[in-house]
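Please examine how one helix of this model packs against its neighbours. The account below follows its contacts in turn.

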Amino acid sequence: MNQFFQAWQKRKEALQSKGLDQHSNKSMESVLDVSLTINVEENIQLIQAQFGKCDDLVVRRFQTKSKAQAAIVFIDGMVDRNVISDFIIRYMTTPDITYQDPATNELDLTDKLRQIVRNILSGCAVLIIDGCQNAYLNNTRGWDRRSVEEPQTESVVRGPRDGFCETLCVNAALIRFRLKDPNLRVRHMVVGERTQTDIYVMYIDGIAYPPMVEEVIARIESVHLDSVLESGYIEQMIQDRRWSPFPQIQNTERPDKVVANLLEGKIGILVDGTPFGLIAPAVFSQFYQSPEDYYERFYIATLIRFIRIISISIALLLPSLYIAFSSFHPEMIPSRLVIAMAAGRSTVPFPSLIEALFMELAIEILREASVRLPGPIGPTIGIVGALVVGEAAVTAGLVSPVMVIIVAVTTIGSFASPSYSAAIAIRMLRFPVMILAGMFGLYGIMLFLIVILIHLSSLKSFGVPYMSPLSPLNLNGMKDLFLRAPHHLMKRRPMMFHVQDKIRIREEDNPK
């Protein structure tokens, strides 16, 4: 073992003497700042030194027709080899060329090693010619990618069926396809010291509030992580209150939803490598709204919204109300129902709080297990498991039949939320309100609701109050809060986002 360590130490000292130590960030930074030479072999060694022993780094040497030594460097699996063979190497070896001749119609020139390494890792092929200090950065990206498919977490009855994929340029194109506005601005950023993840910040110039745009960009620039593997990294780092259970930035798989929010003055954030984009700022009301609310007639959308609000209230409060009424306030329940509940609980050895916590925990375990199981098996296990556990628990006398009904209705109500992140917050808060109801009855539930309302009223998302337009009151925004007013009545954009262009429907564009 000592011999291996001594050999490694000697190699490290040799690399440090050349400024190529792969284990020293400072030496790597100094090497990356150097420029190429006119010698092709020296340039290849510089590039290979940055990647070390990397077997998927391909270096193809060849000789041009003019007898100049050349090489093309790329990462195997990240490029289209047909483009390299047919459009670069064939072009370089067939006609006589000068050093200024382009190999493809989509390239850049640079002599900076840092930029060359960055482009190789992004799927470009770097062409180096002997006697030329500049390298050609050819766009030959061609890795396998998932095609555009229907969103899995935000399905709609009526609306577009295409969703984001893991490729950043494809996601941006899906937005451009719907928003053919030259004022749509795209700001490119790179976050992650090691992953070097590409990020697009998108907004509409002339609608979005410029200080808000700059605040979003400044917060993203302040993120100093070594890796950004999903948009959730960015969401957690740039939100206002990181300890709040409520999401302050909305995530979505739907490009039509991003476009609709851009038109309201919000900002979209797309992260390479994930099908989930971000929308900022976010207010509480938009988490129970769905894109199809605007595709259906207004009275249908209003009815569905009320159903969602009722479902969210049931998912949060129904078990705690059962605990409070059965333990502290039985006089508020009709006498026949009290007798039926007492008969069902006659064999249950636990108080209603323990009974409810046991059933809720069992349902959460079944739900999580059904998500992790393979697709065809997961839903089946979830449904069968819930039926078997519920029936077995009632038969064994561990829970009452009424509690099984309460938990089932609560679980169904949580599924009605269009936003998965908002539904998670409701599921988390269900447990503390149950404990307060078991300790103080209805007084505990009211105390919990007061604390939650105070917390929601204090939240802000990039300077926008989280409970807008309800608090502070904005009558124009109330048209799209609980009700969904007809499109011809929503002439102005929501004012809580400080939009520049306030008019959405102009009179001359809306003839009667």
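The axes of helix 10 and helix 15 (residues 420–440) come within 8 Å of each other and cross at roughly 20°; axes are lines fitted to C-alpha atoms, for helices over the stretch in contact, and angles run from 0 to 180 degrees between N-to-C directions. Helix 10 is therefore roughly parallel to helix 15, since angles under 35 degrees count as roughly parallel and those over 145 as roughly antiparallel. Ile-312, Ala-315, Leu-316, Leu-317, Pro-319, Ser-320, Ile-323 and Ala-324 of helix 10 form this contact with Ile-426, Leu-429, Arg-430, Val-433, Met-434, Ala-437 and Gly-438 of helix 15, contact meaning heavy atoms within 4.5 Å. By class, 12 of these residues are nonpolar, 2 polar and 1 charged (Ala, Val, Leu, Ile, Met, Phe, Trp, Tyr, Cys and Pro count as nonpolar, Asp, Glu, Lys and Arg as charged, and the others, Gly among them, as polar).

The model is predicted: local features need pLDDT of at least 70, side-chain atom pairs count only at pLDDT 80 or more, and totals for chains, interfaces and linings use all residues. Residues are numbered from 1 along each chain as its sequence is written, and side-chain values use heavy atoms, with hydrogens and water left out.

Helix 10 itself covers residues 298–327; helices are DSSP runs (H or I, at least four residues), numbered from the N terminus. Its 30 residues reach 43 Å from first C-alpha to last, close to the 44 Å expected at 1.5 Å a residue, where the expected span is 1.5 Å times one less than the number of residues. Helix 10 nevertheless has a kink of about 50° at Leu-317, shortly before Pro-319; the bend is the angle between axes fitted to the seven residues ending at a residue and the seven starting there.

Helix 14 (residues 401–414) packs on helix 10 at about 155°, with the axes 7 Å apart, and the two are therefore roughly antiparallel. On the helix 10 side, the residues that meet helix 14 include Ser-311, Ile-314, Leu-318 and Pro-319, and their partners include Val-402, Ile-406 and Gly-413. This contact has 10 nonpolar, 4 polar and no charged residues.

Helix 12 (residues 352–372) packs against helix 10 at about 160°, with the axes 9 Å apart, which makes this pair roughly antiparallel. Pro-319, Tyr-322, Ile-323, Ser-326 and Ser-327 in helix 10 meet Ser-352, Leu-353, Glu-355, Ala-356 and Glu-360 in helix 12. These residues divide into 5 nonpolar, 3 polar and 2 charged.

How values were computed: Parallel < 35°, antiparallel > 145°, perpendicular 65-115°, else oblique.
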